[in-house]
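Here are my notes for anyone opening this one for the first time. Have the model on screen while you go through the points.

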Amino acid sequence: MKKFNEEHANFIRENAVGISSEELTNRLNAAFGTNYRKSQIHAYKSNHKIRSGYIHKKPDEKRLFPNHIVNFIQEKAKGLYNKELTELVNFTFRTTYTESQIDSLKHRYHISSGLTGHFTKGHVPKNKGKKMTAAVYKKCAVTMFKKGHIPKNYRAVGSERISKDGYTEIKIADPNKWKLKHIFIWEEKYGPIPEHHCIIFLDGNKQNFDLSNLKLITRNENARLNQKNLRSEFKDVTEANISVVRLKATIRKRRKNERNA
């Protein structure tokens, strides 16, 4: 990179504030008859931590949203949905902005309406305590579920499905209570799984629900198996690796107790 003499460097430091690197380059070259490139000026500013405070705006933003409209949106956005804000802007300035354009501007300038779209705590519906009129009921009746109606997507208790992680789930109760099948099978035989424990498939096959393939281990032991890549498609190998993990944990615990004794 071309080295700047002291006079040129001082000019950059004194004139950088509020203008772009391109404008600063033009001014410098005009003042001293030099032919510096914008990239050289930008690099010098970056290396010497010179901040201009200049915010570059995209051409379409300058054309589409003048500063006075941006300021107006920033002032009025609080408490208004995009539809209401768009109508207000268009009515005030006789513009034809769309909701998506207003929404995009709000995202770019981090303008928030403060609205979540959720009912606030304590919200009282307008129709609370009011009975449906006979005319309204007649219109709605055709879409109402009849007594004893069973939805088309209803799954009976005992039904099974595959989760996105490849585990089989079984429906254990209505209306929509599901449980991992291998957990269900284990607990049917041995009772609830202790805290901080989990059930794994010794051969890694998530569809092998034979009790001999299901193993109760602690979550710490499970993490060790994952970290050390100690799982195997052979049950006895995985069993052996679990024993090694437990032995090492016992050794670490004893050494720790000896140091603290």
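1. Let's begin with charges and rings. A charge sits over a ring if NZ of Lys or CZ of Arg is within 6 Å of the ring centre and within 35 degrees of the ring normal. R94 does this with F91, lying over the ring face at 5.3 Å from the centre. R161 lies over the face of W178, and here the distance to the ring centre is 4.0 Å.

2. A word on what you're looking at. This is a predicted model, where local features need pLDDT of at least 70 and side-chain atom pairs count only at pLDDT 80 or more, while totals for chains, interfaces and linings use all residues. Residues are numbered from 1 along each chain as its sequence is written, and side-chain values use heavy atoms, with hydrogens and water left out.

3. Now look at helix 1, residues 6–15 (helices are DSSP runs of H or I with at least four residues, strands are runs of E with at least two, and both are numbered from the N terminus). Which of its residues are buried? They are H8, A9, F11 and I12, where buried means under 20% relative accessible area, exposed means over 50% and partly exposed is in between, with a 1.4 Å probe and protein chains only. These four span an arc of only 160 degrees around the axis (taken from the directions from the helix axis to the C-beta atoms), so they sit on the same side of helix 1. An α-helix has 3.6 residues a turn, so residues three or four places apart point the same way.

4. Turn helix 1 around and you find E6, E7 and E14 exposed on the face away from the buried side. The cover over the buried residues includes helix 2 (21–32) and helix 3 (38–47), with contact meaning heavy atoms within 4.5 Å. At the start of helix 1, a side-chain oxygen of N5 comes within 3.1 Å of the backbone nitrogen of E7.

5. Helix 3 can be read in a similar way. Its buried residues are Q40, I41, Y44 and K45. Their arc around the axis is only 135 degrees, so they share the same side of helix 3. H42 and N47 are exposed on the other side. Helix 1 and helix 2 are among the elements covering the buried residues of helix 3. Just past the end of helix 3, K49 has a positive phi of about 55 degrees.

6. How many aromatic pairs does a search of the whole structure find? The count is eight, with rings of Phe, Tyr and Trp (its six-membered ring) pairing if their centres lie within 6.5 Å; planes under 30 degrees apart are stacked, over 60 edge-to-face and the rest tilted. One of the pairs is F11 with F32, edge-to-face at 5.5 Å between centres and 85 degrees between planes. F11 belongs to helix 1 and F32 to helix 2, so the pair ties together parts 21 residues apart in sequence. F11 is buried at 16% relative accessible area, whereas F32 is partly exposed at 28%.

7. W186 and Y190 make a tilted pair, with 4.3 Å centre to centre and 40 degrees between the planes. Both lie in helix 9 (residues 181–190), four residues apart, or about one turn of the helix. W186 counts as buried, at 11% relative accessibility. Elsewhere, F4, Y36 and Y44 form one aromatic cluster.

8. On to the salt bridges, of which there are eight, counting a side-chain nitrogen of Lys or Arg within 4 Å of a carboxyl oxygen of Asp or Glu. K83 and E87 form one of them, with the closest N and O atoms 2.8 Å apart. The two are four residues apart in helix 6 (residues 82–93), so about one helical turn separates them. K83 is partly exposed at 48% relative accessible area, and E87 is partly exposed too, at 45%.

9. Two more salt bridges to check. E187 and K179 have their closest N and O atoms 2.5 Å apart; E187 is partly exposed at 23% and K179 is partly exposed at 27%. E239 and K215 meet at 3.3 Å, N to O. E239 lies in helix 11 (residues 235–260) and K215 in strand 5 (residues 214–218), so this salt bridge ties together parts 24 residues apart in sequence. E239 is partly exposed, at 28% relative accessibility.

Terms used:
A polar contact is a pair of N or O atoms within 3.5 Å; within protein, one must be able to donate a hydrogen and the other to accept it, and residues adjacent in sequence count only if both atoms are side-chain atoms.
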